[in-house]
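Subject: Structure handover

Hello,

I am passing this structure on to you. Please look through it first; my notes come after it.

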Amino acid sequence: QQAHQEHKPLLVLVVKDDTPLCNKIIQTTFMNQPYIDRINSEMIAVIVNYEERLSYPIELYYTTHFPTLFWVDSANETFLYPPLYERNISVESLVIFFKSL
């Protein structure tokens with residue numbers, strides 16, 4: 001709702017419990033990185049836990065790879081860019097992504 005009201009895209013990270021790679025990517029890719037201010041100002045970031053289906057409609061962002069990172073248009077719920085999967089979610093890939101915008 002917030003993304004729709006503010007006309008901002010969603011940055012959706014889908015994680016799964018007991019997946020060490022999910023925890024590592026959150027810690028290394030989304031903590032204390034130069035692009036975090038840009039994410040916070042230009043997007044609405046959401047972490048979706050695969051097991052918590054009551055809190056978020058997982059069918060909109062279904063994946064069998066964990067973690068998965070989606071960029072979603074909040075107005076029509078379509079993907080803005082191809083998703084990143086597992087080890088492809090990195091500081092380097094996000095720096096490249098933001099340079100391309």
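Below are notes on two surface patches and on the aromatic rings.

Please keep in mind that this is a predicted model.

Surface patches

D17, D18, E51 and E52 come together on the surface as a patch of negative charge. One of these residues, E51, sits in the loop between β2 (44-49) and β3 (68-72). E51 has a relative accessible area of 35%, which means that E51 is partly exposed, since that class lies between buried (under 20%) and exposed (over 50%).

There is also a nonpolar patch on the surface, made by L80, Y81 and L101, whose accessible area together is about 250 Å². Within this patch, L80 belongs to the loop between β3 and β4 (84-85). L80 is counted as partly exposed because its relative accessibility is 37%.

Aromatic rings

The count of aromatic pairs is 7. Y35 and F98 make up a stacked pair, with 5.9 Å from centre to centre and 15 degrees between the planes. This pair connects distant parts of the chain, 63 residues apart: Y35 lies in the loop between α2 (20-29) and α3 (36-42), and F98 in helix α4 (residues 91-100). Are these two residues, Y35 and F98, buried or exposed? Both Y35 and F98 are buried.

Y35 and F98 also belong to a cluster linked by ring pairs, together with W71, Y81 and F97. Y81 therefore appears twice in these notes, in the ring cluster and in the nonpolar surface patch.

Regards

Notes: Residues are numbered from 1 along each chain as its sequence is written. This is a predicted model: local features need pLDDT of at least 70, side-chain atom pairs count only at pLDDT 80 or more; totals for chains, interfaces and linings use all residues. Side-chain values use heavy atoms; hydrogens and water are left out. Patches are made of residues with over 30% relative accessible area and no salt bridge: like charges are joined within 9 Å, nonpolar side chains (Val, Leu, Ile, Met, Phe, Trp, Tyr) within 5 Å. Accessible areas come from the Shrake-Rupley method with a 1.4 Å probe; for residues, only the protein chains shown count as cover. A salt bridge is a side-chain nitrogen of Lys or Arg within 4 Å of a carboxyl oxygen of Asp or Glu. Lys and Arg count as positive and Asp and Glu as negative; His and the chain ends are not counted. The place of a charge is taken as NZ of Lys, CZ of Arg, CG of Asp or CD of Glu. Helices (H or I, at least four residues) and strands (E, at least two) are DSSP runs, numbered from the N terminus. Buried means under 20% relative accessible area, exposed over 50%, partly exposed in between (1.4 Å probe, protein chains only). Rings of Phe, Tyr and Trp (its six-membered ring) pair if their centres lie within 6.5 Å; planes under 30 degrees apart count as stacked, over 60 as edge-to-face and the rest as tilted.
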